[in-house]
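User: Could you take a close look at one part of this protein with me? I would like to start from a single side chain and then see how the rest fits around it.

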Amino acid sequence: MTQQDEDKRLQESLRQKTWDETITKDSWMVFRVMSEFVDGYEKMAKIGPCVSIFGSARLKEDNFYYKMASDIAQKITEIGFGVITGGGPGIMEAGNRGASGQGKSIGLNIELPFEQHFNPYVDKGYNINFDYFFVRKVMFVKYSQGFVVMPGGFGTLDELSEALTLIQTNKIGKFPIVLVGSEFWSGLLDWFKGTLLKEGLIAEKDLSLFRVVDTAEDAVEHIKSFYDKYSVSVNF
């Protein structure tokens, strides 16, 4: 998107709308949102137990974390789970690649003006497109039994925060969350402890909502041990 396009978009958003324009646009948006929920629910209800893998779309095939994400995904399928990603390139592609041919490989794609497109490793029938981030996040959370968070940018932090908040507030069960890469996450975790915890904005127990690991084996073992402990039967 060019600067001129961005300026036009901003000007349009600031333009005073008539009452009819506002009502019509908002009303039709409700139906578009409903259709995304219905389509997502119908397709995702069939997938069985899955783990979501979050991470950057910008990391290439030769990146260390791309390779690790693929390895994690493959190992996840070996213990009976499918894999859900955002369906795009980078870490998402790596996750679907590791799961492809081993277990279910699901992609929840989002329409973006740049960097997002379906990768070729998503199973046919499980490449679902979304216009709305919040609908897509509902699908991630509702149909995942665990979350593996690889290095990423704002989108990855948004997905991590969503999962942590819902577990912290008991809106969903205490599913395992794994942060991969202690060096990458160290600055954020220092801020959690040195600022959020120190200021009383989170509780000490909130820091136990996730596990930080540096190997694919440790990532998958944390998820496996969680479900072994609670005697959850995992199958397709």
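User: Is Met34 buried, partly exposed or exposed, and what is its relative accessible area?

Analyst: Happy to look at that with you. Please keep in mind that this is a predicted model. Met34 has a relative accessible area of 46%. That makes Met34 partly exposed, because this class lies between the buried limit of under 20% and the exposed limit of over 50%. As for its place in the fold, Met34 belongs to helix H2, which covers residues 19-44. Together with Trp28, Val30 and Phe31, Met34 makes a nonpolar surface patch of about 460 Å².

Thr156 makes a useful contrast. This residue sits in helix H6, residues 154-168, and its relative accessible area is 3%. Thr156 therefore counts as buried, since the limit is under 20%. Leaving aside residues up to four places away in sequence, Thr156 touches Phe54, Gly55 and Ser56, along with Val149, Met150 and Trp185.

Now for the setting of these two residues. The protein has eight helices and seven strands, and 43% of its 236 residues count as buried. Among contacts with a separation of 6 or more, 70% join residues 24 or more positions apart. On the outside, the protein exposes about 13100 Å², and carbon and sulfur atoms supply 54% of that area. So, to return to your question, Met34 is partly exposed, and it contributes to the nonpolar patch with Trp28, Val30 and Phe31.

Notes:
Residues numbered from 1 in each chain as written. Predicted model: local features only at pLDDT ≥ 70, side-chain atom pairs only at ≥ 80, totals over all residues. Heavy atoms only, no water. Helix = DSSP H or I, 4+ residues; strand = E, 2+ residues; numbered from the N terminus. Buried < 20%, exposed > 50% of the residue type's maximum accessible area, 1.4 Å probe, protein only. Contact = heavy atoms within 4.5 Å. Areas by Shrake-Rupley, 256 points an atom, 1.4 Å probe, with all protein chains shown as cover. Patch = residues over 30% accessible without salt bridge, like charges linked within 9 Å, V, L, I, M, F, W, Y side chains within 5 Å. Salt bridge = Lys/Arg side-chain N within 4 Å of Asp/Glu carboxyl O.
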